[in-house]
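Please open the structure in your viewer and keep the selection panel at hand. The stops below go from a single contact to the chain as a whole.

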Amino acid sequence: MAIVEVKVPQLSESVAEATLLQWKKKPGEAVAVDEILIEVETDKVVLEVPAPSAGVLTELVAGDGATVTSDQVIARIDTEAKAGTAAPAAGAPAPAAAPAAAAASSDSASKAGVAMPAAAKLMADNNLASGSVAGTGKDGRVTKGDVLGALEGGAKPAVAAPVAAPAAPAAKPLPAVAAPVSANLGDRPEQRVPMSRLRARIAERLLQSQSTNAILTTFNEVNMAPVMELRKKFQDSFTKEHGTKLGFMSFFVKAAVHALKKYPVLNASVDGNDIVYHGYFDIGIAVGSPRGLVVPILRNADQMSFADIEKKIAEYGKKAQEGKLGIEEMTGGTFSISNGGTFGSMLSTPIINPPQSAILGVHATKDRAVVENGQIVIRPINYLAMSYDHRIIDGREAVLGLVAMKDALEDPARLLFDL
């Protein structure tokens, strides 16, 4: 027998632990080399864990929903076994004739149905009776993943067999409680689901931002007609030349970098009692994903062409939808842009992404009545909002920075001549 251990991938220094999602294979099933066995969720990304070798999955050391750390062993593979002949999963030891083995088996049985601490708390929170969920952990213990599976499945939890007769007459046991995802409240249903690590991290960072930054927001309106005309004029040739469409985000990124160069404090951050001025421009682009909001970074955005920006944003968008963004792609950043206009937002006050000190909110472009030279005309208007940390950024720099973005968008030629 040649056993190979399956371990948690190396996590970044800023990530202490992660959560196992759901095993794609069961003990006794054959696996191929590099076949994805399970996904590991951190507070930033979801990492795939491939099989290091081909063989048969013999043991799951950690079950669904378990909290794990870097390089922790979570499963074992027998590279010489055949499917169907692998040892049973942990918690289901084979019977043995020897008295010692029988004693060990009895000890394992006594542990069957015992809930791990996290699982016990989750069962209590959802009014699940002890023994109402079948365990798949070591020695038959109930893991957090077992409880989550019962909650998500909506089926009646399995009742574990009694372990030993109680010494004293037992009280009448509580009935097993079915635990569907939605509570049965007639026409007023409720649904309770645990936060993912990413969602919990987002909540933590937003609260941190509001409690540590002196956030203020300044607004301005932009006539997008020049950008729209330029985009329409060169769209076909741009797509043909670069293999990607010319969108609006590249203009917003270029305009933001243009303003940050003029007013470096907008690109700075606070570190204790120091102001750190960054000599580079790493722009975070807020992207929605099935797991929540993520902010991948455009490194050295000042050195990127319009085509480079559009391609990178498209790449990040695809990775976000597939849950394949890497930790290194979301670490750092000196300024962020949030485009609520994608979803139809007219106006918002974006929250700063720590440790950054400013963020630009972009919204939907709509035809609006405006006054030009004493005449009411219709123009495609976009309302821009920039939230900033008033501890280091004064109103003057914030307003002038946003005006610089407005001027660059209303006269894109300024971007060519750095005006």
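A polar contact here is a pair of N or O atoms within 3.5 Å, and within protein one of the two must be able to donate a hydrogen and the other to accept it. With that in mind, and remembering that this is a predicted model, begin by selecting Gln356, which sits in the loop between β18 (335–339) and β19 (358–362). Show its side chain together with the backbone of Gly333, and you will find that the side chain of Gln356 reaches the backbone oxygen of Gly333 at 3.5 Å.

Is Gln356 buried or exposed? Its relative accessible area is 3%, and because buried means under 20%, Gln356 counts as buried. To see what surrounds this residue, add Ala268, Gly332, Gly333, Thr334, Phe335 and Ser336 to the selection, which are the residues that Gln356 touches once those up to four places away in sequence are set aside.

Phe335, one of these neighbours of Gln356, leads to the next stop, since it also belongs to the largest nonpolar core, a set of 74 residues. Within this core the residues with the most contacts are Leu20, Ile74, Val253, Leu298, Phe335 and Ile337. Helix α6 (residues 249–262) supplies the largest share of the core, with nine residues, and the core takes at least three residues from each of domain 1 (3–78) and domain 2 (199–416).

Now select Leu298 and display what lies around it: apart from neighbours within four places in sequence, Leu298 is in contact with Val253, Phe281, Asp282, Ile283, Ile285, Met304, Ile309, Lys312, Ile313 and Tyr316. A second core, separate from the one just visited, has five residues, among them Val133, Val142, Val147 and Ala150.

Return to α6 and select the whole helix, of which 12 of the 14 residues are buried. The buried residues include Phe251, Phe252, Val253 and Leu260, and also Ser250, Lys254 and His258. If you draw a distance between the C-alpha atoms at the two ends, you should read 20 Å, which agrees with the 20 Å expected for the 14 residues of α6 at 1.5 Å a residue.

Finally, zoom out to the protein chain, which holds nine helices and 21 strands. Of its 419 residues, 41% count as buried, while the accessible surface comes to about 22400 Å², with 55% of that belonging to carbon and sulfur atoms. Among contacts in the chain with a separation of 6 or more, 65% join residues 24 or more positions apart.

How values were computed: Residues are numbered from 1 along each chain as its sequence is written. This is a predicted model: local features need pLDDT of at least 70, side-chain atom pairs count only at pLDDT 80 or more; totals for chains, interfaces and linings use all residues. Side-chain values use heavy atoms; hydrogens and water are left out. A nonpolar core is a set of buried Ala, Val, Leu, Ile, Met, Phe, Trp, Tyr and Cys residues joined through side-chain atoms within 4.5 Å. Buried means under 20% relative accessible area, exposed over 50%, partly exposed in between (1.4 Å probe, protein chains only). Helices (H or I, at least four residues) and strands (E, at least two) are DSSP runs, numbered from the N terminus. Domain bounds come from an automatic or database domain assignment. Contact means heavy atoms within 4.5 Å. The expected span of a helix is 1.5 Å times one less than its number of residues. Accessible areas come from the Shrake-Rupley method with a 1.4 Å probe; for residues, only the protein chains shown count as cover.
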